[in-house]
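Look at the structure below with the sequence beside it. This report describes a sheet, a residue within it and a helix elsewhere in the chain.

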Amino acid sequence: MGSDLKKFVNPKFLKTIDPALMRVLFVRHFGEDELPVAFEGEAATIRAALAAHFEGTVAGWNAGMVADLHRVAELGTSEGMQLILNEARRRGVVLYPEPDPDDAESAPIRHDPKHVALHTYLLHHRVFEAAADFHALRAPTSPAEFRGPERDVGADLTEEMTEAFKAAVINLFSQDLQGQYCRLGPYEEDGEINLVISHGAQVTTTPVVTGDREEIITLRAVKYAVLRYSPVEGRLFVGGVVKAQQGEISELFARHILRRPGFFSGRDARDLYTLDPISDAGPDFAFQHRYDETIKEVRIVAAAADLFERDEEDQRWRHVRSWESKDASGGALTHFRGSEVRFGRGWRLGEITFRVAFETGAKRPAQVTVRLKPPGTLAFRRTRFEKAIHTLVQRNGLEKDRDAGMVVDAAE
C-alpha cells in the first residue's frame, strides 16, 4: 500500500494540486490549530511545504490521512473519474459550480482524475461513496455462486430488511476482528439486486520512528464485499468475501433480504458447472459459438488436469499429480494429445481458462478472459458481455441443468 500511495502523492501531484483542497484534508485529521503545514502565503511556498511533509515514508504519515488517500487513489484514474461523473450526473450534483480560474484556452489542471477524486471525496462524499460502490461492483473478482431451489424469487428492499442484514454482517465481520464499521449500498440494475458492503479490514500495525524512539501505529483500511442476486435465476454471486464466510453471507442474505432461510443451503447450491463435455471430447473439443454473431472466436488458453488413484485401504480417491498446459494461441487442450493425460483413466480435467473475442465495431475486438473451475467457479471481470459469457457456457453444456436436479430432488 505504501508504494501505491507514493505513486499517487507524487511530485507532479503536489506541484499541481489546489492548496485549498489539501488544507481541507489536513484539517480533517489535525484540526485547525495543529496543522503541520502552513497554508498561508504563495501557492508555490505551500506546495514546497507539502512536498517536504510527504517526503518521508508512508509509515510516518498520519494514519487517518493514509486511509483517506488510499481510498481516493482507487478512484484517481480515468475509469474512476468517469464513475464519479456518472454518479454526480445521476444525483444532479455539480462538482465545480464556480467558473474555472484557469486559462480558458488550456486544460484545467483541477480536472485531472486524481484531483477530481480528492475534490469529490472531501466536498461531495456521498457521490464518492456511490462511485466507489460501482467501482467495487465492476472490479475483477472470483465470485462464489449460490443457486437456490427455485426461480423467480424476488425481494423488495426495505430499510428494515437492509438494516437487519447490515447488523448481521457487522456481527459476522467483527468475529474476524474487522471492526464495527460497515456501510451498505443497495442498487438495482437490469432486474438484479446489488449490495455493496464497505467494511473494515483487519488491523495493520506499522512501526514509526519518532525522535529517538519507536512507536507503533495501527491502520484499518476499508474493504469491499459485493453481493449480486438474480431473482429470475434464483442465483447469488458473492465477491470480496473470504471463502470461510461465503456460505454464512449467503445465508444472511437469504434470511434477511429474501426472507427465505436456507434458500442457498441445498446440496446442489454450489454444484453449478461441469467440464465433462470437454473431457468426453478430449483434446479436439472446441467451443460452438456460431449462434452468436458478436463472438469472433473462443480460445482455450490454459487447462489443468489432475490424476487420481483409488486407495483401496482407505477406500478413497487420492490426488497423485497435476498436468498443466498453457497456450496463448488457443491450443492448450491439444497439448494433452501427446502427454500422459488420458481422461477417463484416473485423469480429470480440473479447470480451463478461455478467452472470448467480441466484435464491437472497433478496430480491435474486445476480449474477455474466463476461468472455469467446477463445481462453482466461473470467474471473469464483469462487463457488458456477461450474459453472452453465461450463454456460451450453458450452450456448450458446461452449466449443470438445475431443473433436472430439481426433478430428482422432488422424486426423492
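Helix α12 (residues 386–395) lies across β8, β10, β11 (366–373) and β12, and runs at about 140° to β10. The model that shows this arrangement is predicted.

The strands named here belong to an open sheet of five strands, in the order β9-β8-β10-β11-β12, with antiparallel pairing. At the edges stand β9 (316–326) and β12 (377–379), each of which pairs on one side only. On average, neighbouring strands of this sheet are turned by 20° against each other, direction ignored. In general, strands of a sheet pair through backbone hydrogen bonds, either parallel or antiparallel.

Strand β10 (residues 347–358) pairs with β8 in the antiparallel sense over 11 bridges. With β11, β10 pairs in the antiparallel sense over seven bridges. Some of the residues that face each other across these strands are listed here.

| Residue | Partner |
|---|---|
| Val298 | Val356 in β10 |
| Ile295 | Phe358 in β10 |
| Val356 | Val368 in β11 |

Val356 thus appears twice: opposite Val298, and as the bridge partner of Val368.

How many of the 12 residues of β10 are buried? The count is 10, so β10 is largely enclosed by the rest of the structure.

Next comes one residue of β8. Arg299 lies in this strand, which covers residues 295–311. Is Arg299 buried or exposed? Arg299 has a relative accessible area of 17%, and because buried means under 20%, it counts as buried. Leaving out residues up to four places away in sequence, Arg299 touches Ala328, Ser329, Gly330, Thr353, Phe354, Arg355 and Gln367. Among these, Thr353, Phe354 and Arg355 fall within the residue range of β10, and Gln367 falls within that of β11. The side chain of Arg299 also makes a polar contact of 3.4 Å with the side chain of Glu297.

The last element is helix α7 (residues 113–123). Of its 11 residues, 10 are buried, so α7 is largely enclosed by the rest of the structure. The buried residues are Pro113, Lys114, His115, Val116, Ala117, Leu118, His119, Thr120, Tyr121 and Leu122. In general, an α-helix has 3.6 residues a turn, so residues three or four places apart point the same way. What lies at the start of α7? There, a side-chain oxygen of Asp112 reaches to within 2.9 Å of the backbone nitrogen of Lys114. Lys114 is itself one of the buried residues of α7.

Conventions:
Residues are numbered from 1 along each chain as its sequence is written. This is a predicted model: local features need pLDDT of at least 70, side-chain atom pairs count only at pLDDT 80 or more; totals for chains, interfaces and linings use all residues. Side-chain values use heavy atoms; hydrogens and water are left out. Helices (H or I, at least four residues) and strands (E, at least two) are DSSP runs, numbered from the N terminus. Buried means under 20% relative accessible area, exposed over 50%, partly exposed in between (1.4 Å probe, protein chains only). A polar contact is a pair of N or O atoms within 3.5 Å; within protein, one must be able to donate a hydrogen and the other to accept it, and residues adjacent in sequence count only if both atoms are side-chain atoms. Contact means heavy atoms within 4.5 Å. Two strands pair if DSSP finds at least two bridges between them. Axes are lines fitted to C-alpha atoms, for helices over the stretch in contact, and angles run from 0 to 180 degrees between N-to-C directions.
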